[in-house]
Each structure stands twice: as structure tokens, then as C-alpha cells.
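Here are some exercises to work through with the structure in view. Try each task yourself before you read its solution.

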Amino acid sequence: MPKAVNLADKLRLFSEHWSPKIVSQFNGHDVMVVKIEGPFDWHHHDDTDDFFLVLSGSLTIETEDGDVDLGPGELYVIPRGVRHRPVAHGEVHVLLMEAAGTPNTGDETTAATKEWI
């Protein structure tokens, strides 16, 4: 029987930061939740855009062209190839969507391993 994905329930299943968890898939894309805190590494994705939807907290996405501030319910799509760095102000919960297998750092050697929850 079909079952809805409850994002709050999924976020309660883990505590680590910067470790995206896959909660669903569609059209070859992973739908993930992640808890983030503080700054991430500057990076870019050569082959895909980067989708961020803030569920709770506040986040700044720094880019070489300027910063984008996001709060709950706000999203931003970073175009492919654009160098960026997410900076979380306290713990922030985010929904991410990207092509399945896309490394979160843009580089497979430094990327977090994504697991299903």
C-alpha cells in the first residue's frame, strides 16, 4: 500500500551533519533530507543544478556572484558549474534534490556516502 514520506520523521532518525539521506526518488533523481550546521566546502557541480529547500532554520548560499539568504519554506537552485558554499546559521534542515549518484561536493573522492532511510 502506498505510504507518504514524513520528512520530520525522517529527520529524527539521524543526528550527523552534512550527510544527506535519501528518502525517495523520482525520474532518476534522489530526494534527500540533510541536517547542516556551519559552513560547507566551496564546490561546484559540472553536470547538474543544485536544489536547496529550507525546512527549518536559516541558510546562506555564498556564490562568487553574491549571496542568497534562505529561511523556512524558501528554495534556491544553483545552476550547474557555479561555485558555491552553503553556510548554515545554527542547525538547519534542508530538502535536496539532485540526479542520483551526484556527489554532494561535486567530487566523488570527497563526497559523503548517501544512504536510504
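**Exercise 1.** Find the distance of the salt bridge in which the side chains of Lys21 and Glu16 meet, and say whether Lys21 is buried or exposed.

*Solution.* Start with the pair: the side chains of Lys21 and Glu16 form a salt bridge at 2.6 Å, N to O. A salt bridge here is a side-chain nitrogen of Lys or Arg within 4 Å of a carboxyl oxygen of Asp or Glu. Next, look at accessibility, where buried means under 20% relative accessible area, exposed over 50%, and partly exposed in between (1.4 Å probe, protein chains only). Lys21 is buried because its relative accessibility is 2%, while Glu16, at 36%, counts as partly exposed.

A word on the model: it is predicted, so local features need pLDDT of at least 70 and side-chain atom pairs count only at pLDDT 80 or more, whereas totals for chains, interfaces and linings use all residues. Residues are numbered from 1 along each chain as its sequence is written, and side-chain values use heavy atoms, with hydrogens and water left out.

**Exercise 2.** Which residues are joined with Lys21 into one network by salt bridges that share partners?

*Solution.* Lys21 also meets Glu115 in a salt bridge of 3.7 Å, N to O. This pair links distant parts of the chain, with Lys21 in strand 1 (residues 21-26) and Glu115 in strand 7 (residues 115-116), 94 residues apart. Strands are DSSP runs (E, at least two residues), numbered from the N terminus. Glu115 is partly exposed, at 42% relative accessible area. Now for the network: shared partners join Glu16, Lys21 and Glu115.

**Exercise 3.** Which strands give two or more residues to the largest nonpolar core?

*Solution.* A nonpolar core is a set of buried Ala, Val, Leu, Ile, Met, Phe, Trp, Tyr and Cys residues joined through side-chain atoms within 4.5 Å. The largest one has 16 residues, and Ile36, Phe52, Leu59, Val92 and Val94 have the most contacts inside it. Strand 2, strand 3 and strand 6 each give two or more residues to this core. Apart from it lies another core of eight residues, including Val33 and Phe51.

**Exercise 4.** How many bridges join strand 3 to strand 6?

*Solution.* Two strands pair if DSSP finds at least two bridges between them. Strand 3 and strand 6 run antiparallel and are joined by eleven bridges. Leu59 stands opposite Ala88 in strand 6. Strand 2 also runs antiparallel to strand 6, with ten bridges, and Pro39 has Val87 as its bridge partner there.

Terms used: Helix = DSSP H or I, 4+ residues; strand = E, 2+ residues; numbered from the N terminus.
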